[in-house]
Amino acid sequence: MNDCYSKYTRLTFDRPSPKVLRVTLNSPLKMGAMDATMHREVSEIWRDVDADDSVNVIIFTGNEKTFSAGGDLKHERLVCDDYILRMRAMKESRDLVTNMLDCRKPIVTAARGWAVGAGLATLLLADVSIVANDAKFSDGHLKIGVAAGDHAAIIWPILCGMAKAKYYLLTADNFTGEQAERMNLVSLAVPDEEVESRSIEIANRLAQGAPTAQRWTKMMLNHWIKQAQPIFDASLAFEFTGFASPEGKEGIDAFLEKRYPEFNQDCPF
């Protein structure tokens, strides 16, 4: 294994087959939530695998029960009040998206259980996304009183169209892997017990293909997404402005205190 991976403490690595690197989220938190260390590592890993000549395809997955329930809200509550933490988190959120899009190698995600927030971002930004039929997803930003930033504005309308994007981003409703496939938000939905084997099968097929042609094809297709870069940057700015707002603080406080938020209905914007 390349020495560049030894610095990661929240990600584990194995090689299920030649030229395929599997990266597994290894969170110390409930439901695979991302603490500050994991959030940084997930934003950085794509540059290292891109530079690793022994890797042609990446599988990105969670543990046996879940993918990732997104950011650690206890840390995000600190982000609300600390400008330096807020700017650091915003940069990492931007890096996560841009580094995945710039990674030349095909990325296959394999998700079971919950994927929310940053977890959902990594799932949907992959080149091939494989999910369990009964997996559960939510963007979740509106539940905590912040705009749907990070990946949502740049990728959802392209994948599932504006009507579904607006509905699920504005309501923050939960939906299943089966529903995600029906609305073209993911590539494939399969029975839970087949997620791992299908991800390896597809990664192997890609690893045996023409790598240069794959990388050029990925680059060309990702230009459709990158055309939305100004929209993406605006969405990040609105999201992280929201963390410092009364709505963001009330939304996170309510979630941590297990109560319904009481948002002020007077909007100055």
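What follows is a chat about some strands, helices and single residues of a predicted model.

Colleague: I'm new to this one, so let's begin with strand 6: is it mostly covered or mostly open?

Modeller: Bearing in mind that the model is predicted, strand 6, which takes in residues 128-132, is mostly covered, with five of its five residues buried. Val-128, Ile-130 and Ala-132 point one way from the strand, while Ser-129 and Val-131 point the other way, and all are buried.

Colleague: Which strands is strand 6 joined to?

Modeller: Strand 4, residues 107-111, is joined to strand 6 by four bridges, and the two run parallel. Strand 9, residues 188-190, also runs parallel to strand 6 and is joined to it by three bridges.

Colleague: And what stands opposite what there?

Modeller: On the strand 4 pairing, Val-108 stands opposite Val-128 of strand 6, and on the strand 9 pairing, Ile-130 stands opposite Leu-188.

Colleague: Is there another sheet, and in what order do strands 5, 7 and 8 come?

Modeller: Those three strands form an open sheet in the order 5-7-8, with mixed pairing. Strand 5 (114-116) and strand 8 (175-176) stand at the edges, each with a single partner strand, so one side of each has no neighbour in the sheet.

Colleague: How do strands 7 and 8 pair, parallel or antiparallel?

Modeller: Strand 7, residues 136-138, pairs with strand 8 in the antiparallel sense over two bridges, and Lys-136 has Thr-176 in strand 8 as its bridge partner.

Colleague: Changing topic, which residues of helix 10 are buried?

Modeller: In helix 10, the buried residues are Gln-229, Phe-232, Ser-235, Leu-236, Glu-239, Phe-240, Gly-242 and Phe-243. They cover an arc of only 145° around the axis, which puts them on the same side of helix 10.

Colleague: Why would residues spread along a helix point the same way?

Modeller: An α-helix has 3.6 residues a turn, so residues three or four places apart point the same way.

Colleague: What does the buried side pack against, and what sits on the face turned away from it?

Modeller: The buried residues of helix 10 pack against helix 2 (73-81), helix 3 (83-102), helix 5 (152-160), helix 9 (211-226) and helix 11 (246-256). The face turned away from the buried side of helix 10 carries the exposed residues Pro-230, Phe-238 and Thr-241.

Colleague: What span should helix 10 have, and how far apart are its ends?

Modeller: Helix 10 covers residues 229-243, and at 1.5 Å a residue its 15 residues should span 21 Å, which agrees with its end C-alpha atoms being 21 Å apart.

Colleague: Now Asp-95: where is it, and is it buried or exposed?

Modeller: Asp-95 lies in helix 3, and it counts as buried because its relative accessibility is 13%, where the cut-off for buried is under 20%.

Colleague: What is Asp-95 touching?

Modeller: The side chain of Asp-95 makes a polar contact of 2.6 Å with the side chain of Lys-91. Leaving aside neighbours within four places in sequence, Asp-95 is in contact with Ser-43 and Met-100.

Colleague: Last topic: how many disulfides are there in the whole structure?

Modeller: A search of the whole structure finds zero.

Colleague: Why does Cys-4 not form a bond with Cys-103?

Modeller: The sulfur of Cys-103 is the closest cysteine sulfur to that of Cys-4, but it is 12 Å away and therefore too far for a bond, since a disulfide needs the two sulfur atoms within 2.5 Å.

Colleague: And are those two cysteines buried, exposed or in between?

Modeller: Cys-4 counts as partly exposed at 22% relative accessibility, whereas Cys-103 counts as buried at 2%.

Definitions and conventions: Residues are numbered from 1 along each chain as its sequence is written. This is a predicted model: local features need pLDDT of at least 70, side-chain atom pairs count only at pLDDT 80 or more; totals for chains, interfaces and linings use all residues. Side-chain values use heavy atoms; hydrogens and water are left out. Buried means under 20% relative accessible area, exposed over 50%, partly exposed in between (1.4 Å probe, protein chains only). Two strands pair if DSSP finds at least two bridges between them. The expected span of a helix is 1.5 Å times one less than its number of residues. The arc is that of the directions from the helix axis to the C-beta atoms. Contact means heavy atoms within 4.5 Å. A polar contact is a pair of N or O atoms within 3.5 Å; within protein, one must be able to donate a hydrogen and the other to accept it, and residues adjacent in sequence count only if both atoms are side-chain atoms.
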